[in-house]
Amino acid sequence: MKTELRVKLLQYWIESIPREQGFTLLELLVVIMIIGLLSALALPSFLSQSSKARESEALTYIGSINRGQQAYFLEKNTFGNLDDLQVGLSSSKNYTYASTPVGAGSLAAAVTTATPAGVMRGYAGRVWLGVLTDGTLTSWSIVCQGTPATVPVVTGTVCP
């Protein structure tokens with residue numbers, strides 16, 4: 001092979017070998033800015049979802065306590081305190097629960113509260129006796145949601 005042809009062939013091979021190329025500083029800054037923008041948009045949504053999950057605990061527990069009050073009334077013909085219900089709830093990391101009977105006879109009721117430990121919404125539930133249109137006595141229950149860091153006061157048959 002001629003020397004000139006050999007040199008040109010070697011130059012072609014050397015130029016065809018891919019050289020290692022890195023990212024420029026500008027490209028790295030753009031990627032970091034995009035990641036920062038996406039995280040700034042996603043973080044508040046994530047935090048609100050986690051507080052909703054904590055609040056759903058209170059909603060579930062208030063419903064369980066209300067059903068416990070209804071079952072207790074069927075057995076004892078009166079509503080009971082939270083300890084009497086034997087539902088195994090008094091407090092958790094996020095809420096403190098309380099349930100007390102109020103009234104007597106046909107005005108008997110029980111009020112349950114979930115007091116938040118932080119800035120989450122408070123919840124309250126109420127179980128009471130009611131008469132259906134055919135004269136049958138039954139029990140009714142309601143769960144109300146308060147504003148952040150407050151527990152609603154439930155006295156009637158509707159949420160305040």
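This note sets out points on helix H2, the nonpolar core and the sheet of a predicted model.

1. Basis. Local features require pLDDT of at least 70 and side-chain atom pairs count only at pLDDT 80 or more, while totals for chains, interfaces and linings use all residues. Residues are numbered from 1 along each chain, and side-chain values use heavy atoms, without hydrogens and water.

2. Helix H2. Helices (H or I, at least four residues) and strands (E, at least two) are DSSP runs numbered from the N terminus. H2 covers residues 25-76, and its end C-alpha atoms lie 76 Å apart, in agreement with the 76 Å expected for 52 residues at 1.5 Å a residue; the expected span is 1.5 Å times one less than the number of residues. H2 bends by about 30° at alanine 42, with proline 44 following within four residues; the bend is the angle between axes fitted to the seven residues ending there and the seven starting there. Asparagine 77, with a positive phi near 60°, follows H2.

3. Core. The largest nonpolar core has 12 residues, including Ile65, Leu82 and Tyr97. Such a core joins buried Ala, Val, Leu, Ile, Met, Phe, Trp, Tyr and Cys residues through side-chain atoms within 4.5 Å, buried being under 20% relative accessible area (1.4 Å probe, protein chains only). H2 contributes the most, with 4 residues.

4. Sheet. Four strands form an open antiparallel sheet in the order E1-E2-E3-E4; pairing requires at least two DSSP bridges. E1 and E4 each have a single partner strand, so one side of each lacks a neighbour in the sheet. E1 and E2 pair over 8 bridges.

Conventions
Buried means under 20% relative accessible area, exposed over 50%, partly exposed in between (1.4 Å probe, protein chains only).
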